[in-house]
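Trainee: Could you take me closely through the place where the two chains meet, and then place it within the rest of the model?

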Amino acid sequence: MQTELLAVDDADLQDFLYDGGWTDGLPVVAPTEEAVAAMLAGAGIDSADGGQPIGSIPSHQATLDAEHAAVAAVMAGCLPEYFPVVLAALAAALDPAFNLQVACTSTGGAAICVVVSGPLAAQIGMNAGHNALASGNRANATIGRAVRLAAVNLLRTQLDGTEGTSLGHPGKYSFCFAERADDGWGSLHAGLGYHDDVTTVTVAPTSGPIQVANHLNADPDGVAASLAAAMRMPSSFSAGKGAAQFVIALGPEHEVALREGGWTRADLRRELTVRSRIRAQDLLDAGVLLEQGSHHDMVPDADGFLGTVSDPDDIVVVTTGGAGGGWSAVIPSWAPKKHAQVVSRRVRLPGEKLPDCGPDGCAIDWDAIEGRL
Amino acid sequence: MTKLMVLRPDVDPARTASRFALAPRAALSGARLTVIGNGKPRAAELLGTIGSHLVQRYGLASCTVFGKAGASQVITDEQVHEIAASADVVLTGLGDCGGCSACSLQDALLMERAGIPSTVVVSEPFQGRVTAYAAKLGVPAYGVVVVPHPVSSRSAAFLADAALRATEPAARQLGTVENA
């Protein structure tokens, strides 16, 4: 392995890692060579290949390799079979579109919300039923925690004091859940253009979830109106700024209401885009001044309204949670998408090779390439 | 007391420092964009559309497409000079396989050495691979733009959406764009 080895008395392990600034404050599992090798093997990676990069953060000149991702997964308590999901989530978070360094250092205090859609979620025992967004399931808890630990230790935000979050929220410990199996209303991964047998991970830089209660109204219009009301909460950072993204964790009761009312997922996204527009006066009444001439230009439309979402595709709809009550959650990105975007990735299964060059394959001369820079 | 050996959890930034300075970034308004297309299927469509969006959304002056000899070829020194004479920023690609991503990455790095801010468009399975190439070529954390994979077999509507989504990240790599 390439990573530096540190010697510690086992009785001092928790203090050593906590004092080093490498944990989230909860106890962690020791990232020994054996445990890290087993974690890598869970994604079909030989420990000799642990140095393979997952992605990088240009502004920090920081590159995350599989070995450090595995260290985080071990510390978080992941089982090796979770590791393909962790890797896909980290690759997505390291897509420059996600802008991880801003998501992890902004005063807004975003969590890295991880949504898993597809058959692997059930295979590794993820919870998409009762209490899906919360505690009690090993896979949900540790995958989300691993992603957070890997990001924090890549960016060194705890080590360098660059964690600028003013308040944060509990989702910054771990925020990961799965989509319920498709019962006829489509799925997140199918909506992204993937086949049924593919599993995807979607990462979103989010504020905490806003619980939406609507127990009495089974009319799709009513459900959409309740969700939209939470989306345009005037004192949220993105309300009225025209380019917010959202994860809508739709409870099964609400999905049934929409589905049986004849709405498609696209209908819901389109309606929420329209209904999340907010009256400029509602912002002013909430004490929110309208930014103008700044990078958030809040000039009301002719009807006096401001958009909150510009594109229905910026609303990620995922059905999750247990039946029995009319609950959903609106999970807003912490800032408009010019700052950081939701990103999805296909989970690559152990042993899966990278795509080849196809029929117009290209072979390159490395000696010639390296000699020119 | 038992001694444990554990792996250090943080990443040492000294291991990934660049060996050369990239071109300085500036405001994109008025900049002339050249797309160095590698001829991969649908590459011109995808990159050209990203270029058009950059012009419309960020006020770039123009978008010109330069077709290089092939996906497994790197642009020549003469071509670097030719492109640098008429471009202020450069977008290369499409890196949707191992060899072509390496070559398009190097096209971008050659343009950086010539003082032109550049970035490379790769498809998602190659994000890690292109990071490895960049490290090999001296810029371990080079900024790239990632699009879904595959590209070549997708519908026009899918590519149009992918181009739209890649525009902001491309702008962020090529010029100064505000952050939170």
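Mentor: Five bridges join β1(A) to strand β1 (residues 3-7) of chain B, and the two strands run antiparallel. Here strands are DSSP runs of E with at least two residues and helices are runs of H or I with at least four, numbered from the N terminus; two strands pair if DSSP finds at least two bridges between them. Within this pairing, A:L5 has B:L7 of β1(B) as its bridge partner.

The model is predicted, so local features need pLDDT of at least 70 and side-chain atom pairs count only at pLDDT 80 or more, while totals for chains, interfaces and linings use all residues. Residues are numbered from 1 along each chain as its sequence is written, and chains are lettered from A and ligands numbered from 1 in the order in which they are written.

Across the whole interface, 63 residues of chain A are in contact with 59 residues of chain B, a contact being two C-beta atoms, placed from the backbone, within 7 Å. On the side of chain A that touches chain B, the elements giving two or more residues are β1 (5-9), α2 (33-42), β2 (53-57), β3 (62-65), α3 (66-76), α7 (138-155) and α14 (366-370) of chain A. The residues on that side divide into 35 nonpolar, 16 polar and 12 charged; Ala, Val, Leu, Ile, Met, Phe, Trp, Tyr, Cys and Pro count as nonpolar, Asp, Glu, Lys and Arg as charged, and the others, Gly among them, as polar.

Chain B itself has five helices and six strands, which follow the order β-β-α-β-α-β-α-β-α-β-α from the N terminus. Its radius of gyration, taken over C-alpha atoms, is 17 Å, which agrees with the value near 16 Å for a compact globule of 180 residues; that rule is 2.2 Å times the number of residues to the power 0.38. Buried residues make up 56% of chain B, buried meaning that 20 or more other C-beta atoms, placed from the backbone, lie within 10 Å of the residue's own.

The largest nonpolar core has 163 residues, and A:A73 is among those with the most contacts inside it. Such a core is a set of buried Ala, Val, Leu, Ile, Met, Phe, Trp, Tyr and Cys residues joined through C-beta atoms within 7 Å. Leaving aside residues up to four places away in sequence, A:A73 touches A:M39, A:C78, A:Y82, A:F83, A:V86 and A:A146.

Conventions:
A residue is buried if 20 or more other C-beta atoms lie within 10 Å of its own, exposed if 12 or fewer, and partly exposed in between; C-beta atoms are placed from the backbone.
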